[in-house]
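Here's a quick briefing to read alongside the model. Have the viewer open and follow along.

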Amino acid sequence: MANIDVPVKRLMQSSMGDWVKFLVPGCKEDWIKEMDASKVPAKKESRLDKLILVDSPDEKFILNIEPQGYLDYKMPVRMLRYRADIWEYTVEIGLGMPSVKQAVIYFYKEHDNREYLLSDKWDGIETLKYSFKAIRIWEIESNIIIRNKLEGLYPLIPLMNSGDETEEEIIEKTIDV
(Lines give C-alpha, C1' and ligand atoms only; values in the text may rest on other atoms or scores of the structure.)
Protein backbone atom coordinates (compact mmCIF):
# COMPACT_ATOMS: atom_id res chain seq x y z
CA MET A 1 0.00 0.00 0.00
CA ALA A 2 1.41 3.39 -0.97
CA ASN A 3 2.11 6.04 1.65
CA ILE A 4 -0.79 8.24 0.52
CA ASP A 5 -3.48 5.53 0.74
CA VAL A 6 -3.87 5.39 4.51
CA PRO A 7 -4.05 9.17 5.11
CA VAL A 8 -6.51 9.64 2.25
CA LYS A 9 -8.72 6.81 3.50
CA ARG A 10 -8.75 8.50 6.92
CA LEU A 11 -9.63 11.84 5.30
CA MET A 12 -12.48 10.16 3.44
CA GLN A 13 -13.72 8.51 6.62
CA SER A 14 -13.69 11.73 8.63
CA SER A 15 -15.36 13.85 5.94
CA MET A 16 -17.31 11.47 3.73
CA GLY A 17 -19.98 14.08 2.95
CA ASP A 18 -17.46 16.50 1.46
CA TRP A 19 -16.07 13.78 -0.82
CA VAL A 20 -19.56 12.84 -2.00
CA LYS A 21 -20.49 16.49 -2.62
CA PHE A 22 -17.26 16.91 -4.60
CA LEU A 23 -18.14 13.97 -6.86
CA VAL A 24 -21.92 14.52 -6.87
CA PRO A 25 -22.51 18.31 -6.79
CA GLY A 26 -25.78 19.23 -5.14
CA CYS A 27 -25.90 16.08 -3.03
CA LYS A 28 -27.27 16.67 0.46
CA GLU A 29 -25.92 15.11 3.66
CA ASP A 30 -29.20 13.40 4.52
CA TRP A 31 -29.13 11.48 1.21
CA ILE A 32 -25.82 9.82 2.13
CA LYS A 33 -25.39 6.55 3.98
CA GLU A 34 -22.11 4.69 4.20
CA MET A 35 -22.20 1.02 3.29
CA ASP A 36 -19.95 -1.59 4.85
CA ALA A 37 -17.48 -2.30 2.02
CA SER A 38 -16.09 -5.30 3.89
CA LYS A 39 -19.36 -7.16 3.31
CA VAL A 40 -19.29 -6.73 -0.49
CA PRO A 41 -19.67 -9.31 -1.80
CA ALA A 42 -20.94 -11.30 1.13
CA LYS A 43 -18.78 -14.23 2.26
CA LYS A 44 -15.70 -12.98 0.39
CA GLU A 45 -12.84 -10.68 1.31
CA SER A 46 -13.36 -7.25 -0.22
CA ARG A 47 -10.75 -4.71 -1.24
CA LEU A 48 -13.23 -1.95 -1.90
CA ASP A 49 -12.20 1.33 -0.29
CA LYS A 50 -15.40 3.34 0.04
CA LEU A 51 -19.05 2.58 -0.76
CA ILE A 52 -21.79 5.11 -0.17
CA LEU A 53 -25.49 4.75 -0.79
CA VAL A 54 -26.91 8.02 -2.13
CA ASP A 55 -30.68 8.25 -1.94
CA SER A 56 -31.65 11.56 -3.54
CA PRO A 57 -35.18 12.46 -4.61
CA ASP A 58 -34.12 12.01 -8.26
CA GLU A 59 -32.04 8.85 -8.07
CA LYS A 60 -30.82 6.16 -5.71
CA PHE A 61 -27.32 4.86 -6.44
CA ILE A 62 -24.16 3.48 -4.94
CA LEU A 63 -21.03 5.62 -5.12
CA ASN A 64 -17.76 3.68 -5.15
CA ILE A 65 -14.71 5.90 -4.47
CA GLU A 66 -11.25 4.44 -4.95
CA PRO A 67 -8.24 6.60 -4.01
CA GLN A 68 -5.26 5.47 -6.06
CA GLY A 69 -1.85 6.09 -4.51
CA TYR A 70 0.30 4.01 -6.87
CA LEU A 71 0.52 3.02 -10.54
CA ASP A 72 -1.68 0.03 -11.33
CA TYR A 73 -2.13 -1.09 -14.92
CA LYS A 74 -4.93 -3.42 -13.79
CA MET A 75 -7.09 -0.57 -12.46
CA PRO A 76 -9.87 -0.91 -15.09
CA VAL A 77 -10.12 -4.64 -14.40
CA ARG A 78 -10.19 -4.07 -10.63
CA MET A 79 -12.96 -1.50 -10.99
CA LEU A 80 -15.04 -3.83 -13.17
CA ARG A 81 -14.58 -6.58 -10.58
CA TYR A 82 -15.65 -4.18 -7.82
CA ARG A 83 -18.79 -3.30 -9.78
CA ALA A 84 -19.61 -6.99 -10.22
CA ASP A 85 -18.93 -7.57 -6.49
CA ILE A 86 -21.26 -4.71 -5.56
CA TRP A 87 -24.06 -6.06 -7.76
CA GLU A 88 -23.53 -9.60 -6.49
CA TYR A 89 -23.98 -8.25 -2.96
CA THR A 90 -27.01 -6.04 -3.72
CA VAL A 91 -28.78 -8.87 -5.57
CA GLU A 92 -28.04 -11.22 -2.66
CA ILE A 93 -29.57 -8.84 -0.08
CA GLY A 94 -32.60 -8.06 -2.23
CA LEU A 95 -31.67 -4.61 -3.57
CA GLY A 96 -31.47 -5.71 -7.20
CA MET A 97 -28.87 -4.02 -9.39
CA PRO A 98 -28.88 -0.31 -8.55
CA SER A 99 -26.85 2.19 -10.53
CA VAL A 100 -23.20 2.17 -9.45
CA LYS A 101 -21.15 5.30 -10.01
CA GLN A 102 -17.42 4.68 -9.71
CA ALA A 103 -14.61 7.20 -9.37
CA VAL A 104 -10.89 6.57 -9.12
CA ILE A 105 -9.03 9.48 -7.58
CA TYR A 106 -5.47 9.87 -8.82
CA PHE A 107 -3.21 12.13 -6.76
CA TYR A 108 -0.09 12.14 -8.93
CA LYS A 109 0.33 12.04 -12.72
CA GLU A 110 2.75 9.14 -12.53
CA HIS A 111 0.07 6.97 -10.87
CA ASP A 112 -2.49 7.52 -13.65
CA ASN A 113 -2.21 4.78 -16.27
CA ARG A 114 -4.74 6.64 -18.46
CA GLU A 115 -6.77 3.48 -19.03
CA TYR A 116 -10.40 3.99 -18.07
CA LEU A 117 -12.22 1.78 -20.60
CA LEU A 118 -12.66 -1.94 -21.11
CA SER A 119 -14.43 -3.33 -24.16
CA ASP A 120 -14.88 -6.66 -25.87
CA LYS A 121 -16.60 -8.05 -28.96
CA TRP A 122 -17.83 -11.41 -30.16
CA ASP A 123 -18.53 -11.87 -33.85
CA GLY A 124 -18.41 -8.10 -34.27
CA ILE A 125 -21.06 -7.53 -31.59
CA GLU A 126 -20.03 -5.47 -28.59
CA THR A 127 -20.43 -7.65 -25.50
CA LEU A 128 -18.80 -5.31 -23.00
CA LYS A 129 -18.27 -1.58 -22.75
CA TYR A 130 -17.22 -0.43 -19.30
CA SER A 131 -15.63 2.72 -17.90
CA PHE A 132 -15.30 4.66 -14.67
CA LYS A 133 -14.74 8.31 -13.84
CA ALA A 134 -11.10 9.31 -13.39
CA ILE A 135 -10.49 12.27 -11.07
CA ARG A 136 -7.02 13.75 -11.47
CA ILE A 137 -6.38 15.88 -8.38
CA TRP A 138 -3.68 17.98 -10.09
CA GLU A 139 -6.30 19.16 -12.63
CA ILE A 140 -8.86 20.25 -9.99
CA GLU A 141 -8.96 24.00 -9.40
CA SER A 142 -8.20 24.50 -5.71
CA ASN A 143 -10.49 27.55 -5.62
CA ILE A 144 -13.50 25.30 -6.38
CA ILE A 145 -12.77 23.31 -3.21
CA ILE A 146 -12.34 26.49 -1.16
CA ARG A 147 -15.41 28.24 -2.62
CA ASN A 148 -17.61 25.20 -1.91
CA LYS A 149 -16.16 24.83 1.62
CA LEU A 150 -15.29 21.15 1.07
CA GLU A 151 -13.14 21.09 4.19
CA GLY A 152 -12.46 17.37 3.93
CA LEU A 153 -10.49 18.04 0.75
CA TYR A 154 -8.47 21.01 2.09
CA PRO A 155 -5.41 18.85 2.85
CA LEU A 156 -5.22 18.08 -0.88
CA ILE A 157 -5.04 21.75 -1.96
CA PRO A 158 -1.23 21.66 -2.39
CA LEU A 159 -1.70 18.86 -4.95
CA MET A 160 -4.37 20.77 -6.90
CA ASN A 161 -4.15 23.26 -9.75
CA SER A 162 -3.61 26.69 -8.26
CA GLY A 163 -2.93 28.60 -11.46
CA ASP A 164 0.21 30.71 -11.46
CA GLU A 165 0.69 30.70 -7.70
CA THR A 166 4.10 29.79 -6.35
CA GLU A 167 4.55 26.82 -4.01
CA GLU A 168 4.93 29.27 -1.12
CA GLU A 169 1.64 31.01 -2.01
CA ILE A 170 -0.14 27.65 -2.27
CA ILE A 171 1.12 26.55 1.15
CA GLU A 172 0.19 29.94 2.66
CA LYS A 173 -3.31 29.76 1.10
CA THR A 174 -3.73 26.21 2.38
CA ILE A 175 -2.74 27.21 5.90
CA ASP A 176 -5.06 30.25 5.79
CA VAL A 177 -7.98 28.09 4.66
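What follows covers the overall fold, then the nonpolar cores, then the two largest pockets.

This is a predicted model, with 177 residues, of which 48% count as buried. There are five helices and seven strands to find your way around.

**Overall fold**
- Starting at the N terminus, the elements go α-α-β-β-β-α-β-β-β-β-α-α.
- The radius of gyration is 17 Å, and since a compact globule with 177 residues would come out near 16 Å, the two agree.
- Along the principal axes, the C-alpha atoms fill a box of roughly 55 × 40 × 30 Å.
- If you take the contacts with a separation of 6 or more, 54% of them link residues 24 or more positions apart.

**Nonpolar cores**
- The largest nonpolar core has 31 residues, and the ones touching the most other members are Trp19, Val20 and Leu63.
- At least two residues of this core come from each of H1, H2, S2, S3 and strand S4 (99–106).
- H2 has the largest share of this core, at five residues.
- Which residues does Val20 contact, once neighbours within four places in sequence are left aside? They are Cys27, Ile32, Ile52, Val54 and Leu63.
- There's also a second, separate core of 20 residues, with Ala37, Tyr89, Tyr106 and Ala134 among them.

**Largest pocket**
- The largest pocket holds about 390 Å³ of space.
- It has 21 lining residues, and Lys9, Arg47, Leu48, Asp49 and Glu66 are the closest to its centre.
- Two or more lining residues come from each of helix H1 (5–14), strand S1 (32–35), strand S2 (50–55), strand S3 (60–68) and helix H3 (75–92).
- Sorted by class, the lining of the largest pocket has ten charged, eight nonpolar and three polar residues.

**Second largest pocket**
- For the second largest pocket, the volume is about 230 Å³.
- Residues lining the second largest pocket include Lys21, Phe22 and Leu23, along with Pro25, Gly26 and Cys27.
- Further along the sequence, Lys133, Ile135, Ile140, Ile144, Asn148 and Leu150 also line the second largest pocket.
- Helix H2 (16–23) and strand S7 (133–136) each put at least two residues into that lining, and H2 gives the most, with three.
- The class split for the second largest pocket is eight nonpolar, two polar and two charged residues.

Definitions and conventions:
Residues numbered from 1 in each chain as written. Predicted model: local features only at pLDDT ≥ 70, side-chain atom pairs only at ≥ 80, totals over all residues. Heavy atoms only, no water. 1 Å grid on protein atoms, 1.4 Å probe; cavity = no way out; pocket = protein on both sides within 12 Å on 5 of 7 lines; lining within 4 Å. Points joined across faces, edges and corners; volume = space filled by probe spheres on them. Helix = DSSP H or I, 4+ residues; strand = E, 2+ residues; numbered from the N terminus. Nonpolar A, V, L, I, M, F, W, Y, C, P; charged D, E, K, R; others polar. Core = buried A, V, L, I, M, F, W, Y, C linked by side-chain atoms within 4.5 Å. Buried < 20%, exposed > 50% of the residue type's maximum accessible area, 1.4 Å probe, protein only. Contact = heavy atoms within 4.5 Å. Rg over C-alpha atoms; globule rule 2.2 N^0.38 Å.
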